Structures are given as structure tokens and as C-alpha cells.
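Colleague: Can you walk me through this one? I'm new to reading models.

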Amino acid sequence: MTSEKNMKQNYDSSDLPAPVIIPRAEHTISRNDLDREALKVLYRLRDAGFVAYLVGGGVRDILLGKTPKDFDISTSARPGEVRKIFRNSRIIGRRFRLVQVFYPGNKIIEVSTFRQRSEYDEGGQEKVLAANNTFGSPADDAFRRDLTINALFYEIENFTIIDYTGGKSDLENGIVRLIGDPERRITRDPGRIMRVIRHAARTGFTIAESTWDSLKANMGKLDLCPTSRIRDELFKDLQGGSSQAWLALAVDSGMFSTFFPFYAELLEKDSAERKETLQKLSSICGVIDRLILEDQAVPDRILFALLLLPWGEKSLQTLQVSTLKGSYELSRKVRDLLNPTFVKLNIKKGLQDGIARCFATLPLLLCHDGEAKGKEWPKWLQKKSYFGDGQLLYKMYQEAQGGIKVSEMPLSSPKGKGSVKAEPRKRTGSPGSHRGAAFAKGVKGGVFGFRRW
Ligand code: ATP
Ligand code: MG
């Protein structure tokens, strides 16, 4: 008896609409677009008698003509069954167990069992569902997903796309739409607010009206998400190469001021400062995106400090700071002022130190502007452990102000101290980087210290 039969016996999806099957001739996905190992996994599951589809971002990105970051597979096989088929695999996760299949070159294909809708979204108050309540039919699995464009399945029997939720037409029409009732979907998982904005920013698609209204109305619910998840998702967005588009949507929806409440006044609708603040933030994000798309690592501390600059200039008159002592005081002050934000975003102490240090160093570099005057930087500044970070920040800031492009990296001081090495960015899908954990770990703070002045 195949597992498909099993599913038909065990799961009632009769309330769900039948899918639209898009034949091979009517879509652009070819087997050649799929990762070889992902294909192998699909075939081996099929040969073992299970149903298996390519799902999620992989299908979406191929249809958009992009190279997917990772390939996820959903199957009727239970985690234990998948584990038996692939010797090179391990089961991870507690509540939602899934299997990672390992291939040479640090490649990981994630295989999850079709999940029920109730997992996230049906009525009932249960916080933790029993393990045997987790599995579902393909239809369930499609409807429990976040966006219609993320819920398409590609199968390898007839090479068709299976579309339960209208994802194909939303892809063609450029629409980001939450599946089902947006109020309920956001209430059950407010983190989806961030996912809607992320995917709209990345694709340039329009957010469906009801999805947009619901996310704006429920913005406060982001406070209910674990702070570590918010932090991870936020850095994923800032490090994703579409931060400029993300910023526009985040400001417009109110999400930006939810994360960075100290900007609320400067970004208030109709306020005199809004246009200027937005313009400055947008230019900064433009530089961040440019570097990231060129595969240059921008450490989280620099990225975060950059986002603070327009606020700092207006609210803390940072540009007037010109002495080491002044910079030190600014660093302390900004840490105190930002403490509630750091707590809310679960920013660890080391990163807090780094952000404050970078933020307070920029004014020093601006007033001792060695480069602009064609001189060398003062020796005492070059010797500082944070000089390398400061230089990168300085160059990015200058480029955002309409100056020349951040020329070349690595940026290093003549003293060879405190240089920020340009490292290739870590990509998602690499070993150990699991879903949701895709944020830059490329450059660590240790070398630059920040423990000492
Ligand atoms: P990326 O390109 O960033 O990997 P993705 O859409 O593949 O984008 P993942 O985080 O890898 O995002 O998630 C894989 C799939 O799991 C999504 O496409 C979506 O179908 C589903 N998913 C992820 N998060 C949620 C969520 N919060 N609620 C419902 N479905 C989700
Ligand atoms: Mg993915």
C-alpha cells in the first residue's frame, strides 16, 4: 500500500478546493532548472512509493527566472521513513520534525512531511499540537503555507505544477497575497507580516489590498513573536540585497517604527522631516544593497549603525562630535537610549557594543577626514581597534551622501590594525544554516575588539 493511499484514508481534505494542474507545456520549469541532488531525492522518494514534490521558494524562484537559494521537498513519507531511505541524512526539529539530506559540497536538501493546516491556523486554542496531529495531505500542506506564490508544487511524474491557492496567477500578475483569511493567518503567526514585506521587496510585487490592510492593522502583534526570531528575520532582510525596497514598505506599513521607535517622530506622516529622513535612509540602504549584491560582507554592527545615522544627526547632533571624549560619551548615550530597542530585538551584548562603537566613531572620522583632504588619517585614529570598521562605515556613509562609490575592499589602515576584511558572504542553505537563520555571520567582531577604546 502506498503512502498516497494511506493519506487518502487518513486525512480529510474534502473542504479544500481541488488544485489546478498546470501541464508541462504551460509552464517554464524544466528538470534542468532543478538541483541534481534535489531531483535525486524526489526520484528516490517516488521509487520508494511516496508522493514527493518540490515546494516553496524553489518553485517560485525558478518560475521567476531566478536561481533558488535552497530546494525544499515535501513528501507523504514520515520523517522516520525518509531517514531510512537516505543514509546521508538526519532528523532535526522538535515540534515539526524534518529531514536534512546531505550531499558533497555542503549541500543540504530539506525534506518535510506534508503538514496539516491546524499546525498554524485552524480554530482552537491549543498551543502545542500532538505529534500525530502534525501530518496532512498535499492540500493541507499547500493551504498552511504563507503566500500563494510560495505554495506551488512541482512534481516529477508528469512535470506538472500543482496549484491549490492561485499562486501561478499571482506570480504572473505580480501579487503577494497571504493564503486564506489574512487576519487569521497573521494572528496565528505575526512573523508572516515580515515575510509578506520581504517577498514584496524582493520581487517588486504589489501586496494584495486585504493582505496589506491586515498587516498594517496587526502590526502590534509582532511583539508576540519571539524576539530572537524578529532579530533573525530583520537581519535577513537587511542583508538580503533588497533593503531599499524593504525600507520603503517597512516605513509605509509602520513596521520600521515598530522596530525602531525612535524614528517614529521623524517619519510621522506630513512631518517636515519625513521626506529628508526617508531619503537619507533610502540612500544608505542603496549602498548596503550594492555591496551585498557584489558579495561584500557588511557586518551586522555596521549595517545597524548606518541605519541609526539620520536619527543621530537630527536627535543627537552627532556631527558636532569631534573629540575622542565626545565620541566615547556619544557611544554611552546611544547605548542607553537604544537599550529598549536592543532588548526588543534581542541584540546580544557584543553586537550592542559594536553598533554603539561604530555609530560613535563616524563623527570622529568625518571631522578628521583624512581621505577627503588627501591626507593620511591621524596616527592615533589609525591605531584604534575600531578604525577598520569606522573606515567602512565612513565610506558607505560618504557614498550614501552622493559621494564616490566605496572604492575597493579590503579596507585596511597603513598600520595594518583594525582592518575589515572583505569576506565572501555566507549563503543560505549552507551547512548549519537552517531556515530562518540566514543572516550574516560572515565577519565576527572578535578581531576588532570593542572592549577597549
Ligand atoms: P527564501 O528564498 O528566503 O528561502 P522561502 O519562501 O523559500 O524563501 P523559507 O523560509 O525557506 O522561505 O520557507 C520555505 C517555505 O515554507 C515557504 O516558501 C513557505 O511555503 C513556507 N513557510 C515559511 N515560513 C512560513 C510561515 N511562517 N507560515 C507558513 N508557511 C511558511
Ligand atoms: Mg527557502
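Modeller: Sure, here is a short tour, from the whole chain down to single residues. Keep in mind that this is a predicted model.

Colleague: How many helices and strands does the protein chain have?

Modeller: The chain has 18 helices and 10 strands.

Colleague: And what share of the residues is buried?

Modeller: Of the 453 residues, 43% are buried. Take contacts with a separation of 6 or more: 66% of them join residues 24 or more positions apart.

Colleague: What is the mean pLDDT?

Modeller: The mean is 84. A pLDDT of 70 or more is reached by 82% of the residues. Residues 1–9 are below 50, and that stretch has 11 contacts beyond near neighbours in sequence. Residues 408–453 also stay under 50. The model gives that second stretch 95 contacts beyond four places in sequence.

Colleague: How should I read coordinates where pLDDT is low?

Modeller: Not in detail.

Colleague: New topic. Which helices pack at about 45°?

Modeller: Helix α14 (residues 300–315) and helix α18 (residues 387–400) do, with axes 11 Å apart. Angles from 35 to 65 degrees count as oblique, so α14 and α18 are oblique to each other. The crossing is right-handed.

Colleague: Which residues meet there?

Modeller: From α14, Ile302, Ala305, Leu306 and Leu309. From α18, they meet Asp389, Leu392, Leu393, Met396 and Tyr397.

Colleague: What about the loops on either side of α14?

Modeller: Asp295 lies in the loop between α13 and α14. Its phi is near 70°, a positive value in a residue other than glycine. Gln317 lies in the loop between α14 and α15. Phi of Gln317 is positive too, near 45°.

Colleague: Is Gln317 buried or exposed?

Modeller: Gln317 is exposed, because it has 11 C-beta neighbours inside 10 Å. Asp295 has 13, so Asp295 counts as partly exposed.

Colleague: Now α16. Why is it called largely enclosed?

Modeller: Because 14 of its 19 residues are buried.

Colleague: What span should α16 have, at 1.5 Å a residue?

Modeller: It should span 27 Å, and its end C-alpha atoms are 28 Å apart, which agrees. The helix covers residues 349–367.

Colleague: Last one. Where is Asp232?

Modeller: Asp232 is in helix α10, residues 227–238. It has 19 C-beta neighbours inside 10 Å, and a buried residue needs 20 or more, so Asp232 counts as partly exposed. Asp232 and Ile347 are 115 residues apart in sequence, but their C-alpha atoms are 9.8 Å apart in space.

Definitions and conventions
Residues are numbered from 1 along each chain as its sequence is written. Chains are lettered from A and ligands numbered from 1 in the order in which they are written. This is a predicted model: local features need pLDDT of at least 70, side-chain atom pairs count only at pLDDT 80 or more; totals for chains, interfaces and linings use all residues. Helices (H or I, at least four residues) and strands (E, at least two) are DSSP runs, numbered from the N terminus. The expected span of a helix is 1.5 Å times one less than its number of residues. A residue is buried if 20 or more other C-beta atoms lie within 10 Å of its own, exposed if 12 or fewer, and partly exposed in between; C-beta atoms are placed from the backbone. Two residues are in contact if their C-beta atoms, placed from the backbone, lie within 7 Å. pLDDT is the predictor's confidence in each residue, from 0 to 100. Axes are lines fitted to C-alpha atoms, for helices over the stretch in contact, and angles run from 0 to 180 degrees between N-to-C directions. Angles under 35 degrees count as roughly parallel, over 145 as roughly antiparallel, 65 to 115 as roughly perpendicular and the rest as oblique. A crossing is left-handed if the near helix is turned anticlockwise from the far one by less than a right angle, and right-handed if clockwise.
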